[in-house]
Amino acid sequence: MDDATPQRLVIGRVETPVGAALVATDENDVLRALFFEDFEGRLQRSVRLHYGAIAIEAGSIPSDVGRALHAYFEGDAGALTGLRWATGGTTFQRTVWRALTDIPFGGTLSYGALAAKIGMPKAVRAVGLANGANPISVIVPCHRVVGSDGSLTGYGGGLHRKRWLLTHEGALPSEAPRLL
């Protein structure tokens, strides 16, 4: 993961089963942000916060990113692991975001366990804030962090998406069909 500031970002769109996603990549096709389309304002704020006034243009997503996202949404557990990504953010935030990538497909971790994992067991609230500021949704799997009792807590893309993603990955049981 490289955190150097890019010169420009290209933002493309990809359809997913939980709504269109906006994907920002830099001039080297490194992922810099992924937000769901209904949170485009958050993407814009995140990019400005992390990288300042850089050139942003509309375009298409790199083919390897598109293939990996489609494969993930079709159930390929390892599809996203080879993608190159980088973020701005503080050293602490980047530490939390790197640790998120160690939570396996189909697994979850509590905020407290994540804080302990990075060697800061008392920093649960700070870990929660860093998790919520993750600019690369899905690929840096902040959706895999749950409450200490296993409950679903906030997710920047909406709790309905978090529930869907965790069910898709097998971390939550599928809802049984309702009988009439």
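Which residue in β2 does valine 10 stand opposite? In this predicted model, valine 10 faces threonine 25 of β2, and the points below start from that strand before moving to the cores and to the annotated cysteine.

1. Pairing of β1 with β2. Strand β1, which covers residues 8–14, is joined to β2 by six bridges, and the two strands run antiparallel. The hairpin that they make has six residues between the strands, and within that hairpin glycine 19 adopts a positive phi near 110°.

2. Pairing of β2 with β3. On this side, too, the arrangement is antiparallel, with five bridges joining β2 to β3, and valine 23 has leucine 34 of β3 as its bridge partner. Four residues lie between β2 and β3 in their hairpin, where aspartate 29, in the turn, has a positive phi of about 60°.

3. Burial of β2. Six of the six residues of β2 are buried, so the strand is largely enclosed by the rest of the structure. The burial applies to both faces, since one side carries Ala21, Val23 and Thr25 and the other carries Leu22, Ala24 and Asp26, all of them buried.

4. The largest nonpolar core. This core has 36 residues, and those with the most contacts inside it are Val23, Leu34, Leu69, Leu80, Leu100, Val138 and Ile139. Two or more residues come from each of β2 (21–26), β3 (31–36), α2 (63–73), α3 (91–100), α4 (111–117) and α5 (124–132), and among these contributions that of α2 is the greatest, with five residues.

5. Leucine 69 and the second core. Once neighbours within four places in sequence are set aside, leucine 69 is in contact with Val14, Val23, Leu34, Leu80 and Ile139; Val23 and Leu34 are also bridge partners across β2 and β3. Separate from the largest core is a second one of ten residues, whose members include Leu9, Leu22, Ala33 and Phe35.

6. Cysteine 142. The UniProt record, an unreviewed entry, places the feature "active site" at Cys142, a residue found in the loop between α5 and β6 (145–146). Is cysteine 142 buried or exposed? With a relative accessible area of 8%, cysteine 142 counts as buried, because the term is applied to values under 20%. Leaving out residues up to four places away in sequence, cysteine 142 touches Leu100, Asn131, Asn134 and Tyr155, and one of these, Leu100, is also listed with the residues that have the most contacts inside the largest nonpolar core.

Key:
Residues are numbered from 1 along each chain as its sequence is written. This is a predicted model: local features need pLDDT of at least 70, side-chain atom pairs count only at pLDDT 80 or more; totals for chains, interfaces and linings use all residues. Side-chain values use heavy atoms; hydrogens and water are left out. A nonpolar core is a set of buried Ala, Val, Leu, Ile, Met, Phe, Trp, Tyr and Cys residues joined through side-chain atoms within 4.5 Å. Buried means under 20% relative accessible area, exposed over 50%, partly exposed in between (1.4 Å probe, protein chains only). Contact means heavy atoms within 4.5 Å. UniProt positions are given in the numbering used here, feature names are shortened, and annotations may be inferred rather than shown by experiment. Two strands pair if DSSP finds at least two bridges between them.
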